[in-house]
Amino acid sequence: MTFLPASRTIDGALSIDASVLTDALPYFSYVDNILHIDGVSSQTLKSHYGTPLYVYSRRALLDNYHAYTQAFDEIEHQICYAIKANSNLAVLKTLADAGAGFDIVSKGELARVLQVTDAKKVVYSGVGKTHDDIEYALSADIHCFNVEAVSELDSISRVAVKLGKTARISLRINPDVDAKTHPYISTGMKDNKFGISHEQAVAAYLHANSLPNLQITGIDCHIGSQLLDAQGFSDALDKLIELIDELSANGITLNHIDLGGGLGVRYIDENPVSVDDYAKLLLPRLKALGLKLYLEPGRSLVANTGVLLTSVDVLKPTEFKNFAIVDSSMSELIRPALYESVMAIIPTDLSKSGDEKVWDVVGTVCESSDFIGKDRLLSLSVGDTLAVTGAGAYGFTMASNYNTRPRPCEVMVNDGAHRVVRKREVLSDLWRDEIA
């Protein structure tokens, strides 16, 4: 079936059919013209918690996780959620209880994981691990470090010797594969800061093999984020297989292969490859390898589990532009400003009627880059509530207090029930740790 939730008007405005869009989002639907999220009315959520408000569906989260576990159930595997996408403890606890591991990139993220589970399924990525970070991770007994530089091998070895521990390591290889995504979220090209080059990989493994207190366990790569087809993953896998064979010839045997994350999602009318098709492409080669598979999905697990609810505070038509000023901003949702991301903005009440106009939906932050969406065909009144879909990933986790704005509340819904999973900040929170 053709998926056509959006179209462009003659003047280039983006018109989104909200009912068609929500048909493609599990657990999002209009009931009597009111947007419901996993059985809870958006009106109820606004009344209870106010706006701006992040709302996540627990059932959608679990469905997305199980899509991965079922797709790869023919081989031994571990799904390690990349918690940078959404690090709320309720999200982490839900996934941990379902059997997920975690991909982390900082000591702070590890500390979060330890609030809900132990570290045995944690892989530690990231380009700038300090001695303190390494010591903390070793003491927690993480599963594996994904090593990004030869000098990092030396650092991990020194800390492991100091602690009298053995550090399990995997080298993150930069395969120089074009992920065909936004340059800010491309991580597998030779001019990116991530990983060890394909050409230096064997020498790096041999160096690791010579160092004390290191145990080589695997090989890793991650080529980027929001990838809509699987070809880049396939190309990267071929390059890793070449290295695995070369390492074996040099006496180095691996236990696992880690293909990272990066699978894309539908924000409006994108057509990303399904998890099933992604798995079908890779499984024949993975079966032949006989290694345990690690995957590190982030966005594809959480993006379309969540929305950002926001209220229209001011309508400001001008001779050149119509501005709808809402109570969200780049402080609450920076993706549009940072990546020029186009996210769906839909009304929560379809019964409202009125003349549609082309609006720029903007916040109150003192930056011209502060927008949620540009050139949107909407019928708006002051007091309306809008929903920004796809906001479960890189929404709250990238939020800030810029312009001294309290960060919003987060709520989890589950089959008609709802609960706070992070309280809204109040003004006194903003200077709590400062000293005048």
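Which residue in S11 does Val-147 stand opposite? The partner is Leu-171. Keep in mind that this is a predicted model. Below is a quick tour: strand S11 and its partners, the nonpolar cores, a small open sheet, and a few backbone oddities.

**Strand S11 and its partners**

- Start with S11, which spans residues 167–174 and is mostly covered, with seven of its eight residues buried.
- On the S10 side, three bridges tie S11 to S10 (residues 144–147), and the two strands run parallel. The Val-147 and Leu-171 pairing belongs here, with Leu-171 sitting in S11.
- Between those two strands comes helix H7 (residues 150–163), and S10, H7 and S11 together make a β-α-β unit that is right-handed.
- S11 also runs parallel to S13 (residues 214–220), and six bridges join this pair. Here Ala-167 stands opposite Leu-214 of S13.
- A further parallel partner is S12 (residues 196–197), joined to S11 by two bridges. If you want to find this pairing on screen, look for Ile-173, whose bridge partner in S12 is Ile-196.
- As background, strands of a sheet pair through backbone hydrogen bonds, whether parallel or antiparallel.

**The nonpolar cores**

- The largest nonpolar core holds 102 residues, and the members touching the most others are Phe-72, Tyr-81, Phe-145, Ile-169, Ile-257 and Leu-259.
- Helix H9 (residues 231–249) is the top contributor to this core, giving eight residues.
- Why does this core lie between domain 1 and domain 2? Both domain 1 (7–57 + 303–429) and domain 2 (59–302) give residues to the core, so it lies between them.
- Leu-259 makes a handy landmark: setting aside neighbours within four places in sequence, it is in contact with Cys-221, Leu-237, Leu-240, Leu-282, Leu-286, Leu-293, Tyr-294 and Leu-295.
- Apart from the largest core lies another one, of 24 residues, including Tyr-30, Ile-268, Leu-309 and Ala-387.

**A small open sheet**

- Three strands form an open sheet in the order S3-S4-S5, and their pairing is antiparallel.
- S3 (28–31) and S5 (40–41) are the edge strands, each pairing on one side only.
- S3 and S4 (residues 34–37) are joined by four bridges and run antiparallel. Within that pair, Val-31 has Ile-34 of S4 as its bridge partner.

**Backbone spots to check**

- Where is the cis peptide bond? You'll find it joining Thr-51 and Pro-52, with omega at about -5 degrees.
- Pro-52 itself lies in the loop between helix H2 (42–49) and strand S6 (53–57).
- Gln-226 is not a glycine, yet its phi is positive, near 60 degrees. This residue is found in the loop between S13 and H9.
- Is Gln-226 buried or exposed? Its relative accessible area is 13%, so Gln-226 is buried, the cut-off for that being under 20%.
- Asp-415 also has a positive phi, about 50 degrees, although it is not a glycine. Look for Asp-415 in the loop between strand S22 (409–414) and strand S23 (417–422).
- Asp-415 counts as exposed because its relative accessibility is 54%, where exposed means over 50%.

Key: Residues numbered from 1 in each chain as written. Predicted model: local features only at pLDDT ≥ 70, side-chain atom pairs only at ≥ 80, totals over all residues. Heavy atoms only, no water. Buried < 20%, exposed > 50% of the residue type's maximum accessible area, 1.4 Å probe, protein only. Pairing = 2+ DSSP bridges. Right-handed = clockwise from strand over helix to strand, strands pointing away. Core = buried A, V, L, I, M, F, W, Y, C linked by side-chain atoms within 4.5 Å. Domains from an automatic or database assignment. Contact = heavy atoms within 4.5 Å.
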